Amino acid sequence: MPAQLYEVDPIAVRDEIGKERLIELWRRMLTIRRFEERAELAYRAKKVAGFLHLYIGQEAVATGWYDHITPGVDATVTSYRCHAHAILSGVDVKELMAELYGKATGNAKGKGGSMHFFSREKLFLGGHGIVGGQIPVGTGAAFSLKYRKTGGVSLTFLGDGATPQGTFHESLNMASLWSLPAIYIIENNQYGMGTACHRANAVDSLAEAKAVGYNMKAYTFDGLDLFASWKCAQEVVAEVRRSSRPVLVEAKTYRYRGHSVSDAGLYRTKEEVERYKRLDPIARVQQALQDAGWLSEAEANAIDEEIRARMAEAADFAERSPEPPLSQLTADVYA
Amino acid sequence: MLDASTPLAPPLKPRRALDPKSEPINGYRGVDLGDGRQLLSMRMAICQALYEEMQRDPTIVILGEEVAEYNGAYKVTKGLLDAFGPERVIDTPITESGFTGLAIGAAMTGLRPVVEFMSWNFSFVAFDQIISNASKMCYMSGGAFPIPLVMRGPNGAGPRVSSQHSHAVEAIYSHFPGLIVVSPSTPYDAKGLLKTALRQNNPVCFLENEMLYSFEQEIPLAEYTIPFGVADLKREGRDCTIVAVNRCVHWALEAAEELAREGIECEVVDPRTVKPLDIEAIVRSVRKTNRCVVVEECYRTGGIGAEVAAQLMELAFDDLDAPVQRVTTTENPMPYAANLEHETLPKPHRIIAAVRRACYRSP
Ligand SMILES: Cc1ncc(C[n+]2csc(CCOP(=O)(O)OP(=O)(O)O)c2C)c(N)n1
Ligand SMILES: [Mg+2]
């Protein structure tokens with residue numbers, strides 16, 4: 001059974017968000033996009049290596065949710081597809097770009113790379129490389145926030161491909177059993193690498209069908225629509241703060257790029273990708289801003305230019321930064 | 001002991017390379033060179049072993065992430081879905097613990113499963129199944145339930161993939177009685193050893209290497225197998241023995257070339273299987289050279305080098321003219337930065353320094 005999609009009235013949500021805040025949300029999404037495009041360019045120029053999992057197409061999901069939390073009070077954690085979550089946590093893009101370049105000025109001093117961004121200050125508990133590995137970690141953050149009575153909630157982001165892992169089921173059970181303020185957001189971009197979601201999951205609706213087994217509430221929203229993401233997040237975050245009951249959420253989204261940069265993409269058709277590109281979450285918010293008369297095309301272009309310049313500057317900073325000294329090799333193995 | 005049926009290993013370097021424009025670079029068919037030899041890459045040699053054994057034995061099934069429709073994340077299983085169908089080549093969800101345990105149960109009830117880990121890093125998700133079930137089932141059932149299971153996939157550091165994706169697991173899995181640990185460095189060895197793995201009844205950790213998948217070699221067209229526990233001399237020399245495993249064999253050979261220029265002739269011994277370990281072959285070489293350097297991608301503490309050094313002390317104490325040297329991955333998670341990664345791995349420059357130490361030459 002397909003899930004019931006969380007319904008929103010786009011005009012009402014637009015007006016509730018308001019002009020300044022909506023421009024800011026659009027700017028954040030665009031920042032994520034331009035950061036990653038720049039990273040992709042650097043990868044092709046062999047400045048960045050290893051894996052590079054891009055979030056392009058999925059920006060509305062994390063952007064909507066981070067707008068209702070306070071990074072540092074609330075905790076977040078995600079998979080290796082972590083650039084957006086780090087940016088939204090408030091980490092400086094220069095530091096992130098330098099990490100991609102493997103430089104001493106990087107977010108993890110050049111030790112982590114693309115999959116492992118972190119921020120202790122913002123309680124961004126990282127990008128994690130093992131599928132499903134972050135889910136108990138996010139659950140542990142919820143446990144701690146509750147224990148310490150901080151009022152914080154934890155947001156655990158995961159892919160559709162991670163829901164079959166044992167860690168997912170073990171986490172949901174504990175979170176429900178102990179009423180932890182934990183929100184699990186499945187970013188269902190419809191593929192785990194080359195495996196379509198339905199080839200890896202026995203049910204259609206990942207949140208709705210699975211939450212019942214753990215006595216949890218579930219929500220499903222259109223992850224390509226910022227308004228749906230934002231409104232659903234507003235309701236769920238408020239509810240979890242109030243009730244300290246965990247919630248399972250599924251965002252129906254799509255990634256426009258390959259799984260990582262090297263992916264021939266033979267498991268999906270060009271038409272399918274094109275169809276989803278017409279639903280580009282960033283372009284749609286820009287359209288909404290224009291329709292409301294809140295942002296002209298010229299103003300939008302000016303902001304875009306400014307963001308691109310910031311990314312060029314970040315790349316330049318990364319380029320000019322020194323490599324980590326060899327003395328760093330065994331530093332930080334132990335605290 | 002060398003099996004009489006085992007032909008001598010072919011030269012490492014092929015006479016020519018595969019031409020990607022007109023010849024396959026993956027799949028199970030090598031390029032017939034017309035003289036009883038075929039040219040293929042490591043990934044093709046592994047694929048060919050799987051193909052031939054699946055043809056021979058209908059109880060072999062392959063399970064893993066992306067092994068079927070995607071033809072393998074590293075294209076090692078290319079063509080097998082088409083050849084054997086979806087009943088035998090099965091895409092799994094991302095559930096390492098689940099499908100490894102499932103394979104163990106299937107192995108207990110008449111099948112001979114092959115599990116592919118997209119990389120051995122993800123075998124840790126299945127660690128409990130491998131250790132608590134696969135490694136002990138035969139023993140704790142009084143021999144009633146052997147586990148004919150092959151677990152395979154790339155092992156060791158990939159290119160710049162950082163901490164969670166760069167483990168070499170030879171030492172970890174060798175620690176447990178009941179497991180066989182195979183770690184081949186060439187297409188010839190990989191094919192022969194994988195065929196052996198698919199004809200015996202113990203759980204095998206078959207450790208490949210992403211960085212060697214495109215390594216090409218000429219191997220016999222005729223069928224052959226290579227027994228477990230038989231080392232191969234990858235280079236002869238009189239001055240210093242280098243015991244090296246998997247990708248490190250190639251780094252050791254590189255180092256040996258360089259050292260030869262300064263008059264140090266190294267003998268490179270490739271154990272091919274870390275468990276069982278052909279310690280006799282290592283001792284034989286050390287009796288000749290009186291020096292030994294062990295090179296591996298595992299960590300120093302409890303690594304292969306620690307084991308070889310201990311056994312040499314027990315078996316060849318009087319033959320050693322210098323302490324055994326170990327060149328391992330340094331004791332830190334793999335860093336992402338290129339320069340740090342370079343220093344972490346047991347690359348030729350570190351091997352050269354270790355051999356010089358063993359030979360009491362100035363660094
Ligand atoms: C335990 C484990 N198994 C396999 C992998 C290899 N792998 C990395 S990402 C991925 C697909 C994950 O898909 P999904 O959870 O949907 O996340 P997405 O990449 O779509 O964001 C796989 C199989 C891994 N990193 N960890
Ligand atoms: Mg996915």
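B:Pro276 sits in the loop of chain B that runs between β13 (273-275) and α9 (279-289), and the peptide bond leading into this proline from B:Lys275 is cis, with omega near 0°. Keep in mind that this is a predicted model. Beyond that loop, there's a ligand lying between chains A and B, an interface that buries about 2700 Å², and a set of 49 salt bridges over all chains.

**Backbone oddities in chain B**

- The cis bond is the one from B:Lys275 to B:Pro276, and B:Pro276 belongs to the loop after β13 (273-275) and before α9 (279-289).
- B:Lys75 is another residue to look at: its phi is near 60°, a positive value in a residue that isn't glycine.
- You'll find B:Lys75 in a loop too, the one between β3 (60-64) and α2 (80-84) of chain B.

**Around ligand 1**

- Ligand 1 lies between chains A and B, with 22 residues surrounding it.
- The closest of these are A:Tyr80, A:Arg81, A:Gly129 and A:Gly161, plus B:Glu96 from the other chain.
- Sorted by class, the shell comes out as 10 nonpolar, eight polar and four charged residues.
- A:Tyr80 puts a polar side-chain atom 2.6 Å from an oxygen atom of ligand 1.
- A:Asn189 also brings in a polar side-chain atom, 2.8 Å from an oxygen atom of the ligand.
- With A:Gly129 it's the backbone that takes part: one of its polar atoms is 2.8 Å from a nitrogen atom of ligand 1.
- On its own, ligand 1 would expose 580 Å², and the protein buries 96% of that.

**Where chain A meets chain B**

- On the chain A side 37 residues are in contact, and they touch 31 residues of chain B.
- Interface size is often quoted as the accessible area lost when the parts come together.
- Here that area is about 2700 Å², and carbon and sulfur atoms give 61% of it.
- Within chain A, the residues that lose the most area to chain B are A:Ile130, A:Arg199 and A:Leu329, which together make up 22% of what that side buries.
- A:Arg199 turns up again in a salt bridge with B:Asp91, where the closest N and O atoms are 2.9 Å apart.
- Two salt bridges are found across this interface, along with 15 residue pairs in polar contact.
- Two helices of chain A, α5 (93-100) and α8 (197-200), are the elements that give two or more residues to the side touching chain B.
- By class, that side of chain A divides into 17 nonpolar, 15 polar and five charged residues.

**Salt bridges, and one long-range tie**

- Oppositely charged side chains can pair when their charged atoms come close.
- Over all chains, a search of the whole structure turns up 49 salt bridges.
- One to look at inside chain A is A:Glu319 with A:Lys47, at 3.3 Å from N to O.
- A:Glu319 lies in helix α13 (residues 297-320) and A:Lys47 in the loop between α2 (19-44) and α3 (59-66), so this pair ties together parts of chain A that are 272 residues apart in sequence.

How values were computed
Residues are numbered from 1 along each chain as its sequence is written. Chains are lettered from A and ligands numbered from 1 in the order in which they are written. This is a predicted model: local features need pLDDT of at least 70, side-chain atom pairs count only at pLDDT 80 or more; totals for chains, interfaces and linings use all residues. Side-chain values use heavy atoms; hydrogens and water are left out. A residue is near a molecule or strand if one of its heavy atoms lies within 4 Å of it. A polar contact is a pair of N or O atoms within 3.5 Å; within protein, one must be able to donate a hydrogen and the other to accept it, and residues adjacent in sequence count only if both atoms are side-chain atoms. Accessible areas come from the Shrake-Rupley method with a 1.4 Å probe; for residues, only the protein chains shown count as cover. Ala, Val, Leu, Ile, Met, Phe, Trp, Tyr, Cys and Pro count as nonpolar, Asp, Glu, Lys and Arg as charged, and the others, Gly among them, as polar. Contact means heavy atoms within 4.5 Å. Buried area is the accessible area (1.4 Å probe) that two parts lose on being put together, summed over both. A salt bridge is a side-chain nitrogen of Lys or Arg within 4 Å of a carboxyl oxygen of Asp or Glu. Helices (H or I, at least four residues) and strands (E, at least two) are DSSP runs, numbered from the N terminus.
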